[in-house]
Amino acid sequence: MQTITLKIEDSINEKFLWLLNHFSKNEIEILDKMTYQTDDDFLKSIKGMEDSIIEDSKSPMKNYITEDKLDW
């Protein structure tokens, strides 16, 4: 079974969910109904995250390492 994420315009949301609910549970399962948030909005919603990002952005470049030097 495939999993997808959709952003649905508010004006058709009710009709779209009505349609999905007419499929059997083994054909389509609604996993989560949530309001769409941009990555920026999500990060801002975490207490202290925005201040932390701003503070870290003021650090000197010598404190950072390049991606090729990360030990993944």
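**Overall form and surface of a predicted three-helix chain**

In this predicted model, the chain has a radius of gyration of 20 Å, whereas a compact globule of 72 residues would have one near 11 Å.

Q: What box, taken along the principal axes, do the C-alpha atoms of the chain fill?
A: The radius of gyration of the chain is 20 Å, against a value near 11 Å for a compact globule of 72 residues. Along the principal axes, the C-alpha atoms fill a box of roughly 55 × 30 × 15 Å.

Q: Which pattern does the chain follow when read along the sequence?
A: The secondary structure consists of three helices and zero strands. Read along the sequence, the chain therefore has helical elements and no strand to place between them. The pattern is α-α-α.

Q: What percentage of the 72 residues of the chain count as buried?
A: To count as buried, a residue must have under 20% relative accessible area. The accessible surface of the chain comes to about 7500 Å², with 54% of it belonging to carbon and sulfur atoms. Of the 72 residues, the share that counts as buried is 3%.

Q: Is Thr 3 buried or exposed?
A: Thr 3 is placed in the segment before helix H1 (10-20). Its relative accessible area is 61%, and the cut-off for the exposed class is over 50%. Thr 3 is therefore exposed.

Q: What distance separates the C-alpha atoms of Thr 3 and Asp 56?
A: Along the chain, Thr 3 and Asp 56 are 53 residues apart. Thr 3 belongs to the segment before helix H1, while Asp 56 is one of the residues in a patch of negative charge on the surface. Their C-alpha atoms are separated by 35 Å.

Q: Which residues gather in a patch of negative charge on the surface?
A: One member, Glu 50, lies in helix H3 (residues 49-57). Glu 50 has a relative accessible area of 39% and is partly exposed, so it passes the patch cut-off of over 30%. The residues of the patch are Glu 50, Asp 51, Glu 55 and Asp 56.

Q: Which residues make the nonpolar surface patch of about 320 Å²?
A: Ile 53, one of them, lies in helix H3. Ile 53 is partly exposed at 43% relative accessibility, and it therefore also passes the cut-off of over 30%. The patch is made by Phe 42, Leu 43, Ile 46 and Ile 53.

Q: How far apart are the mean positions of the positive and negative charges of the chain?
A: The chain carries 9 positive and 16 negative charges. Among the negative residues are Glu 50 and Asp 51, which belong to the surface patch of negative charge. The two mean positions are apart by 3 Å.

Methods:
Residues numbered from 1 in each chain as written. Predicted model: local features only at pLDDT ≥ 70, side-chain atom pairs only at ≥ 80, totals over all residues. Heavy atoms only, no water. Patch = residues over 30% accessible without salt bridge, like charges linked within 9 Å, V, L, I, M, F, W, Y side chains within 5 Å. Areas by Shrake-Rupley, 256 points an atom, 1.4 Å probe, with all protein chains shown as cover. Salt bridge = Lys/Arg side-chain N within 4 Å of Asp/Glu carboxyl O. Lys, Arg positive; Asp, Glu negative; His and termini not counted. Charge placed at Lys NZ, Arg CZ, Asp CG, Glu CD. Helix = DSSP H or I, 4+ residues; strand = E, 2+ residues; numbered from the N terminus. Buried < 20%, exposed > 50% of the residue type's maximum accessible area, 1.4 Å probe, protein only. Rg over C-alpha atoms; globule rule 2.2 N^0.38 Å.
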